[in-house]
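Q: Could we go through this one slowly? I'm new to reading structures and would like to start with the vocabulary.

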Amino acid sequence: MQLSRFPRIRLGHLPTPLEHLPRLSALLGPEIWIKRDDCTGLSTGGNKTRKLEFLMAEAVAQGADIVLTQGATQSNHARQTAAAAAKLGMDCHILLEDRTGYNEPNYRLNGNVLLDVLHGATIEHRGPGLDMNAEMFAVATRMKAEGRKPYAIVGGGSNATGALGYVNCALELLGQMVERGLTFDHMVTATGSAGTHAGLIVGLKALNAQLPLLGIGVRAPKEVQEGNVFRLAQATEEKIGLQSVVAREDVVANCDYIGKGYGIPADSTLEAIDIFAKQEAILLDPVYSGKGAAGLIDLCRKGHFTKGQRIVFLHTGGAIGLTGYTHVLPHA
């Protein structure tokens with residue numbers, strides 16, 4: 001599995017730490033470890049940085065002078081894309097969709113949105129329910145007519161190019177495991193736009209890691225989410241020259257922790273944020289990692305994961321988004 005043949009621009013602080021969480025382990029039963037992709041370093045870090053190393057390299061190779069992307073108002077992906085563009089001296093234009101109905105000033109202007117602006121991105125807003133990738137490609141067409149050279153990145157950076165970042169992450173994790181003499185019984189992460197989940201499962205299966213991966217859904221129903229991940233895994237396999245490495249049954253999502261919808265923290269999300277902050281001084285976000293951790297916690301409590309097992313949780317980052325959610329977080 002040769003990823004070196006694909007253009008890549010180093011943007012992240014890699015490898016990210018792999019840490020044991022002793023207090024959380026004592027609380028929940030299984031031995032819990034965490035892969036700290038909140039520490040990738042690009043504008044407070046997060047999982048999208050790995051994807052952007054390949055996506056931005058492709059943009060540069062195509063001679064782009066502006067990158068476009070889209071996401072929800074408090075999009076971690078939009079913030080990291082804006083940061084990557086700034087680092088490379090490129091313009092960035094973002095379409096932000098209202099997926100929550102929140103009108104609080106902090107949600108609309110703070111957190112990721114503040115950093116979008118600080119990194120120099122221009123922003124357009126859209127109402128809910130639109131095909132946001134179609135909206136973005138329409139803007140790209142308009143820009144081409146104006147003489148620009150846009151490179152459009154789908155939501156979450158979740159195409160076969162972006163997923164290469166998480167094929168690479170699987171290789172990185174397995175190297176850390178070998179170096180430290182570790183084995184894991186299960187891996188857990190949040191799954192939304194599908195690129196992280198798809199890249200990981202392709203990497204794990206291609207390397208015969210024997211490490212089951214569970215995605216905790218943050219937006220779509222189980223069948224929809226698993227289907228999206230599997231299709232992207234197939235496209236990623238094809239891109240790197242593999243065939244039928246990932247079977248449909250390898251793609252597993254639990255979508256019981258979504259709550260009222262994408263970007264709207266459930267009570268279990270807020271509890272997970274509180275537990276990780278107080279037990280391990282680790283900050284989760286209200287959209288992805290908070291819901292992923294809520295699933296991990298509940299599955300430990302229900303005995304799905306048990307004492308004697310060793311579990312690794314991939315932290316996808318996004319804690320800067322907490323400052324956009326002060327209206328739902330506890331206050332002193």
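A: Let's begin with a definition: a residue counts as buried when its relative accessible area is under 20%, as exposed when it is over 50%, and as partly exposed in between. Please keep in mind that this is a predicted model.

Q: OK, so is Asn 208 buried or exposed?

A: Asn 208 has 55% relative accessibility, and because the cut-off for exposed is over 50%, it counts as exposed.

Q: And where is Asn 208?

A: Asn 208 lies in the loop that runs between α8 (195–206) and β8 (213–217). Its backbone also deserves a look, since Asn 208 has a positive phi of about 55° although it is not a glycine.

Q: What about Ser 43, what's its phi?

A: Ser 43 is not a glycine either, and its phi is positive, at about 50°. This residue is found in the loop between β2 (31–36) and α2, and because its relative accessibility is 14%, Ser 43 counts as buried.

Q: Switching topic: which residues does the cis peptide bond join?

A: The cis peptide bond joins Leu 14 and Pro 15, with omega at about 0°, and Pro 15 sits in the segment before β1 (18–20).

Q: Now helices. How do people describe two that pack together?

A: Two packed helices are described by the angle between their axes together with the distance between the axes.

Q: So what are the angle and distance for α7 and α8?

A: Helix α7 (residues 160–180) packs with α8 at an angle of about 45°, and their axes are 7 Å apart. That angle makes α7 oblique to α8, and the crossing of the two helices is right-handed.

Q: Which residues make that contact?

A: From α7 the contact uses Ala 163, Tyr 166, Val 167, Cys 169 and Ala 170, while α8 contributes Gly 195, Thr 196, Gly 199, Leu 200, Val 202, Gly 203 and Leu 204. These residues divide into eight nonpolar, four polar and no charged.

Q: And how do α2 and α3 cross?

A: The axes of helix α2 (residues 48–61) and helix α3 (residues 76–87) come within 10 Å and cross at roughly 45°, which makes α2 oblique to α3. Here α2 passes α3 in a right-handed crossing.

Q: Who's touching whom there?

A: On the α2 side the contact is made by Lys 48, Thr 49, Leu 52 and Met 56, and on the α3 side by Asn 76, His 77, Gln 80, Thr 81, Ala 84 and Ala 85. Sorted by type, the residues of this contact are four nonpolar, five polar and one charged.

Key
Residues are numbered from 1 along each chain as its sequence is written. This is a predicted model: local features need pLDDT of at least 70, side-chain atom pairs count only at pLDDT 80 or more; totals for chains, interfaces and linings use all residues. Side-chain values use heavy atoms; hydrogens and water are left out. Axes are lines fitted to C-alpha atoms, for helices over the stretch in contact, and angles run from 0 to 180 degrees between N-to-C directions. Helices (H or I, at least four residues) and strands (E, at least two) are DSSP runs, numbered from the N terminus. Angles under 35 degrees count as roughly parallel, over 145 as roughly antiparallel, 65 to 115 as roughly perpendicular and the rest as oblique. A crossing is left-handed if the near helix is turned anticlockwise from the far one by less than a right angle, and right-handed if clockwise. Contact means heavy atoms within 4.5 Å. Ala, Val, Leu, Ile, Met, Phe, Trp, Tyr, Cys and Pro count as nonpolar, Asp, Glu, Lys and Arg as charged, and the others, Gly among them, as polar. Buried means under 20% relative accessible area, exposed over 50%, partly exposed in between (1.4 Å probe, protein chains only).
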